[in-house]
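Biologist: Got a minute to go through this model with me? I'd like the strands, the helix packing and any odd backbone spots.

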Amino acid sequence: MVLKQMTLDEKLTLLHGNGMAHASQWQMPKTHLANGAAGYVEGIQRLGIPPLYISDAAYGVRDSGANGRYSTALPSALGATSSWDPQAACKYGALIGREVRAQGMNMTLGGGVNLTREPRDGRTFEYAGEDPLLAGTMVGNLMKCEQAEYVIGDIKHYAMNDQETGRNIVNTIISKRAMQESDLLAFHIGIDIAHPGAVMCSYNRINGDYGCENSYLLRDVLKGEWGFEGFVISDWGGTHSTEKASAAGLDQEQPMADFFGPALKQAVEAGKVPMTQIDGHARRVLYAEFLSGIVDHPAEKSVVDVQGGFDTAQQLEEKSIVLLKNENAILPLDPAKVRSIALIGGHADVGMLSGGGSAQVDPPGGNAIMPPGQGATHWQDHIWFPTSPLKALRATLPSAKIEYNSGEELASAAALAKSADVAIVFAYQWQAEGMDLPTLALPDNQDALIQQIAAANPHTIVVLESGTAVIMPWLDKVAGVVEAWYAGSSGHKALANVLLGDVNATGKLAITFPKSDSDLPHPVIPPLAPEDKGAGTGAVDDRAHVESKYAITYDEGLKVGYKWYEAEHKQSLFAFGFGLSYTSYAYSGLTVDSHARAARFTVKNVGKRAGTEIAEVYARLPQGSDESFKRLAAWKQIALAPGESQTVTVAIDPRVLQTFDESSDRWKLATGEYEVLVGPSSDNTPLKGHLQVR
Ligand code: BGC
């Protein structure tokens, strides 16, 4: 009904942005109306259609500082995925949704679900790991609950935007089958759960065509096969054409109107773009607006629930922390025995690290490692939140003497470590949009620091603050390793609770930690040619480089993460799905119901503490398939008191058993006997059974 009332100009109004606040290169006459938003689309007042105020919000709402506001930082998305808890993902999304609205915004740009095909990708912390079922389920639940707060939801970056190097020009080359069974499957599962109003197309090319003018991805798969009814929004500056992009299925250009403003009008008037196509674009934007409720429930500025945000951030981080090594049960720290602790490195006296780029959330009071008043956040600064592990540990363990050394000087750090009962080294690996890591090894001489501390004190624990996997040449020398990710607004408290055992460790890795870069499918990310190198962020000005030949062939195909390691017979450092607990669990009694496609098994808590085990179910395709790896097919969180056992039944998701047949463009479920494997991690599946598909 609304569409029928609209003039051509009004329809076109919905199809492009009007600049980006706080970005000098993307200003338009109406940008000042944008309420500080990353994107602003004018409304149609006479029809009651509100403007779109579009905010970045990967692990919390961006630009709060610049807008004179405050927002909660949650653990990084990859961290939160380590909870394997869809309800936790829902809480995560709901909090962000509420805070987006509180800033007077009505659309979010969170929802990153690109698979961790390249763990050095500078944005892995914004995504949900390497498995399509886990990533799609977690991001789907996150965005479903975010959109339920009356903001338009988004899932991004569609698709194959798996590295940042040359992201605006790179041509990613991959077969349809591999793409469908890996990255696209994650998108599909996420979109099915969340029904987001929008999907953001990516900067890169896929098999020749840019993401935002790729008719296979947008028209055939997203809108065709999957029946997506919302709108496709371009990544910022990711639109490259008018007619081609419109025909391929791009609905809205952001943040400017270079192609979908006057140029699109001219194309319509010249008969080059049919009116039905314009109607289609506008209808999709309207659909998302009504679907999300932003028409019926206009955004209203309000005050954020700061304490509630702290509590949620803490609960989510407590579920996200992954205990990787715990020799001789050094953890949890025993207050009766530990009289002194040396905290070393990582600015652990003042704060914890956060991830950068458009995901950056502003810490209250500015960057904690800067003098007060000088800590405003800038693009690609390394930002520490004022979440001091030193303070949190002193508060949790008042009986111990806890001292800090920056670790800059190895000898004095080692001396402090030697004098203490326990040494905890805080090691960091900063990541941001617009760059990739040169290596998964720790930067800034931290490996040497850890070796020195471990040599000085056998009770050395390493706490990692990273957005991705870390290589650990010192692993054999230390007693404990805890992965805390980018830990969010209450990360210090969550960490202290896990170190002290007030909270049991339950998280499990959503990505593989390899032994070295050389084990990765691409030991080195192909470097850009000198003429393709852009200034600053490593992103290049695409328009000047349309003829670039920069390409990457994803010949590992659908073997992303653990599938690669298994197929290539490479041992990882820590496998996908791995994570220790302060108790232990025993698995038994697997039966598989082929008719119901379900696995039934028992898990018992055989240790002394209560805990929640994440039980993982994998499947192998029947003999005769060309696969030599297993696929995650289901999981279940099981909370168990000491001595308690539970028998659970979990449905095996048929989507991960299917294969995509390129010749018919169809999914197929092979008949035969599938092996079903159950256990605590992808490389430890003690229970075996069989599923018959006829
Ligand atoms: C990023 C998007 C982001 C957009 C708006 C782009 O550089 O790739 O993820 O939503 O900017 O800030």
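Modeller: Sure, what follows is a walk through some strands, helices and loops of this chain.

Biologist: What should I know about the numbers before we start?

Modeller: This is a predicted model, with local features needing pLDDT of at least 70 and side-chain atom pairs counting only at pLDDT 80 or more, while totals for chains, interfaces and linings use all residues. Residues are numbered from 1 along each chain as its sequence is written, and side-chain values use heavy atoms, with hydrogens and water left out.

Biologist: OK. Which residues of strand β2 are buried on its two faces?

Modeller: Leu52 and Ile54 are buried on one side, and Tyr53 and Ser55 are buried on the other, so both faces of the strand (residues 52-55) are covered. Buried means under 20% relative accessible area, exposed is over 50%, and partly exposed is in between, using a 1.4 Å probe and protein chains only. Strands here are DSSP runs (E, at least two residues), as are helices (H or I, at least four), numbered from the N terminus.

Biologist: Why do the residues split between two sides like that?

Modeller: Because side chains in a regular strand alternate between the two faces of the sheet.

Biologist: And what does β2 pair with?

Modeller: Strand β1 (residues 39-41) runs antiparallel to β2, with 3 bridges joining them, and Val41 has Leu52 as its bridge partner. With strand β3 (residues 107-108), β2 pairs in the parallel sense over 2 bridges; there, Ile54 is partnered by Met107. Pairing means that DSSP finds at least two bridges between the strands.

Biologist: Switching to helices. How do α4 and α12 cross?

Modeller: The axes of α4 (residues 86-102) and α12 (residues 306-320) come within 11 Å and cross at roughly 150°. The two helices are therefore roughly antiparallel to each other. Axes are lines fitted to C-alpha atoms, for helices over the stretch in contact, and angles run from 0 to 180 degrees between N-to-C directions. Angles under 35 degrees count as roughly parallel, over 145 as roughly antiparallel, 65 to 115 as roughly perpendicular and the rest as oblique.

Biologist: Which residues make the contact?

Modeller: On the α4 side they are Ala88, Lys91, Tyr92 and Leu95, and on the α12 side Gly309, Thr312, Gln315, Leu316 and Lys319. Contact means heavy atoms within 4.5 Å.

Biologist: How does α4 sit against α5, then?

Modeller: Those axes come within 7 Å and cross at roughly 40°, with α5 spanning residues 132-147. That makes α4 and α5 oblique to each other. From α4, Pro86, Ala89, Cys90, Tyr92, Gly93, Ala94, Ile96 and Gly97 meet Thr137, Met138, Asn141, Leu142, Cys145 and Glu146 of α5.

Biologist: Next, the loops. Is Gly211 buried or exposed?

Modeller: Gly211 is buried, with a relative accessible area of 0%. You'll find Gly211 in the loop between β8 (209-210) and α8. Not counting residues up to four places away in sequence, Gly211 touches Tyr158, Cys201, Ser202, Asn204, Arg205, Ile206 and Leu218.

Biologist: What about Thr506, where is that?

Modeller: Thr506 is in the loop between α16 (491-500) and β18 (551-553), and is buried at a relative accessible area of 17%. Leaving aside neighbours within four places in sequence, Thr506 is in contact with Glu318, Lys319, Ile321, Thr612 and Ile614.

Biologist: Now the odd backbone spots. Which peptide bonds are cis?

Modeller: Among them are the bond from Lys156 to His157, with omega near -15°, and the one from Leu331 to Pro332, with omega near -5°. His157 lies in strand β4 (residues 154-158), whereas Pro332 lies in the loop between β10 (322-326) and β11 (340-344).

Biologist: Which residues other than glycine have a positive phi?

Modeller: Including Asn207, with phi near 50°, and Ala329, also with phi near 50°. Most residues other than glycine have a negative phi, and most peptide bonds are trans. Asn207 is in the loop between β7 (205-206) and β8 and is partly exposed, at 39% relative accessible area. Ala329 is in the loop between β10 and β11 and is exposed, at 55%.
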